[in-house]
Amino acid sequence: MKIRPDYKGKVDSQAKQLGCTLRGPNKSSLTKGPKVAEACKRAKRIGALPTGVVLKGNMLKMASLACCMHGTASDPLTQQQIKDLRTAFSRALWQNKFMASTVTAILIASEGALDPGIAMTKKIVVNWKRQLAGGNLQQHDIWSTPHSRAYQHLGPIQLYRKTMASLGWVAIDPWNVQVDEQGTVKNILDWDDFVPQVMENARQREWTKAAKTRKHYKGAEKGVDETTTKRWLKRLKKKDPMKAGALITVLADGVWAPDRAFRHGRRHAGDCVMCNKKNAGVEHLWWDCPALHNGNSRRLIKLRRVRATGRHER
């Protein structure tokens, strides 16, 4: 009120009419919920369009993701809101596919640009570096106050510190970050590729999280080589979009094996449709099935014909 005596908005624990919500500790945002709901509605409408994954991804980024990213540098999304957005985006990109890991599916399809969690991380660090570059040095005094060390979200300073901690880094002060266990410290104002490095680290962290919960992601606990992983996918997107979609399903650990379909109630049994082996999983289909790996198998020939024509023979 001292800054703007003519302010006519509501004065309470939250200040509105600012494009985002400035709120007190432990107060839920008044604006983020409706924005996330609107973003999910837009994603559903985009998913119904008869266009490819690449075009849908661009539309989601411009029309849906941008809808809820405004103000996240100081008023972040909750984990549930991020999860809802990931689910909505994944369903919009692949309406007829079941993505076992929506995070990695979005990472593969958009290199992290469409993931709401990573997009919010970018907003936070870009805003922080811009504030420091603009000469806002008063943050050093606030940084050392007891209130800024509380666990709950108290504003951009605490949000930035929590973001650095989530990346495995330590924010020593407003300008310096410890980036490894050897104690390497970098000044973010002199660190030209600070934001790209944050984005790469955030993507690798998501791969690491997925490896802890996905059975077939063994070996990805320390991250993945993104360039090698997506090299063949980039070629297929131009030459054969259908095969590219199948490869995304494999990379996202979404292969619909008989045992998985049985566990989700989509089949009456988990037997292999080719050789009738019990509890046929992904490993069986890829490596062990004698019928599937026999080039002269009648079932395999029929399966290839169905895949090529899209028609089932009676």
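In this predicted model, three strands line up as an open sheet in the order β3-β4-β5, and the pairing is antiparallel. The two ends of that row are taken by β3 (170-171) and β5 (185-187); each has just a single partner strand, so one side of each is left without a neighbour in the sheet. Strand β4, covering residues 176-178, is held to β5 by 3 bridges, with the two strands running antiparallel. To pick out one contact, Q178 has V185 in β5 as its bridge partner.

Moving back along the chain, there is helix α7, which spans residues 156-166. Quite a list of its residues is buried: I157, Q158, L159, Y160, R161, T163 and M164. Just after α7 comes G168, and this glycine takes a positive phi of about 85°.

The surface has a story of its own. K61, K122, K123 and R130 together form a positive patch there. Which helix gives the largest share of this patch? That turns out to be α5 (residues 116-133), which supplies 3 residues. K122 is found in this helix, α5. So is K122 buried, exposed or something in between? Its relative accessibility is 40%, and because buried means under 20% and exposed means over 50%, K122 counts as partly exposed. In short, K122 sits in helix α5 and also belongs to the positive patch, alongside K61, K123 and R130.

Note on methods:
Residues are numbered from 1 along each chain as its sequence is written. This is a predicted model: local features need pLDDT of at least 70, side-chain atom pairs count only at pLDDT 80 or more; totals for chains, interfaces and linings use all residues. Side-chain values use heavy atoms; hydrogens and water are left out. Patches are made of residues with over 30% relative accessible area and no salt bridge: like charges are joined within 9 Å, nonpolar side chains (Val, Leu, Ile, Met, Phe, Trp, Tyr) within 5 Å. Accessible areas come from the Shrake-Rupley method with a 1.4 Å probe; for residues, only the protein chains shown count as cover. A salt bridge is a side-chain nitrogen of Lys or Arg within 4 Å of a carboxyl oxygen of Asp or Glu. Lys and Arg count as positive and Asp and Glu as negative; His and the chain ends are not counted. The place of a charge is taken as NZ of Lys, CZ of Arg, CG of Asp or CD of Glu. Helices (H or I, at least four residues) and strands (E, at least two) are DSSP runs, numbered from the N terminus. Buried means under 20% relative accessible area, exposed over 50%, partly exposed in between (1.4 Å probe, protein chains only). Two strands pair if DSSP finds at least two bridges between them.
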